[in-house]
Amino acid sequence: SHFIGISTNKLGSLHTDEKLLRNILINLLTNAIKFSPVKEEVSLNVLDQDTFITIEISDEGIGIPENEMEIIFEPFVRGKDADQIQGTGLGLSIVKKAVELLNGTIKVKSTVGKGSVFIVTIPRQMV
């Protein structure tokens, strides 16, 4: 079992689509756990950035090679190191679409063998 560390600062209110936000969080947390098979902790950090919030989900898992960073958000794409881990290759493409529907952005920082950080930024108020 994994331990999920959650940290946040004072956020105030957030008016956004609950289903899209839930989809983003579930997919990213599931991936963080799935791709950290020998580590026990993933973390969720929520930051207040005035008119938007930033959600960071980090793990200490297998990481993503630099040459795969540009394609991981494409449907049915799975990294070569992910072959032994169950999945469809759709999770990150769904996350990216949900983030875009919320007028947000998603970025990833990763080091092979050390882990990944997915950074989602969404407006505090839906337009």
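Which residue just after helix 2 takes a positive phi? Select N103 to find out: its phi is about 60°. Keep in mind that this is a predicted model.

**The whole chain**

Now zoom out. The protein has two helices and five strands. Trace them along the sequence and you read β-α-β-β-α-β-β. Of the 127 residues, 41% count as buried. Next, think about contacts between residues at least 6 apart in sequence: 65% of these join residues at least 24 apart. The protein exposes about 7800 Å², and carbon and sulfur atoms supply 55% of that area.

**The hairpin**

Select residues 41–49, which are strand 2, and residues 52–58, which are strand 3. The two strands run antiparallel, joined by seven bridges. Pick N45 and look across to strand 3: its bridge partner there is E56. Then move to the turn. Two residues sit between the strands of this hairpin. Click D50, which takes a positive phi near 65°.

**The aromatic pair**

Select F73 and F118. They make up the one aromatic pair in the structure. How are the two rings arranged, by distance and angle? Their centres are 6.3 Å apart and their planes meet at 85°, so the pair counts as edge-to-face, for which the angle must be over 60 degrees. F73 lies in the loop between strand 3 and helix 2, while F118 lies in strand 5, so the pair ties together parts that are 45 residues apart in sequence. Is F73 buried or exposed? F73 has a relative accessible area of 13%, so it is buried. F118 is buried as well, at 8%.

**The core**

Stay on F118. It is one of the residues with the most contacts inside the largest nonpolar core, which has 26 residues. Add I24, L28, I106 and V120 to your selection; they are also on that list. Colour the core by element. Helix 1, strand 2, strand 3, helix 2, strand 4 and strand 5 each supply at least two residues. Helix 1 gives the most, with six. In general, nonpolar side chains tend to be buried together in soluble globular proteins.

Now centre on I106. Leaving aside residues up to four places away in sequence, I106 touches L28, F73, V95, K96, V99, F118, I119 and V120.

**Helix 2**

Finish with helix 2, residues 91–101. Which of its residues are buried? They are G91, L92, S93, V95, A98 and V99. Show their neighbours too: these buried residues pack against helix 1, strand 4 and strand 5.

Methods. Residues numbered from 1 in each chain as written. Predicted model: local features only at pLDDT ≥ 70, side-chain atom pairs only at ≥ 80, totals over all residues. Heavy atoms only, no water. Pairing = 2+ DSSP bridges. Helix = DSSP H or I, 4+ residues; strand = E, 2+ residues; numbered from the N terminus. Phe/Tyr/Trp six-rings, centres within 6.5 Å; stacked < 30°, edge-to-face > 60°. Buried < 20%, exposed > 50% of the residue type's maximum accessible area, 1.4 Å probe, protein only. Core = buried A, V, L, I, M, F, W, Y, C linked by side-chain atoms within 4.5 Å. Contact = heavy atoms within 4.5 Å. Areas by Shrake-Rupley, 256 points an atom, 1.4 Å probe, with all protein chains shown as cover.
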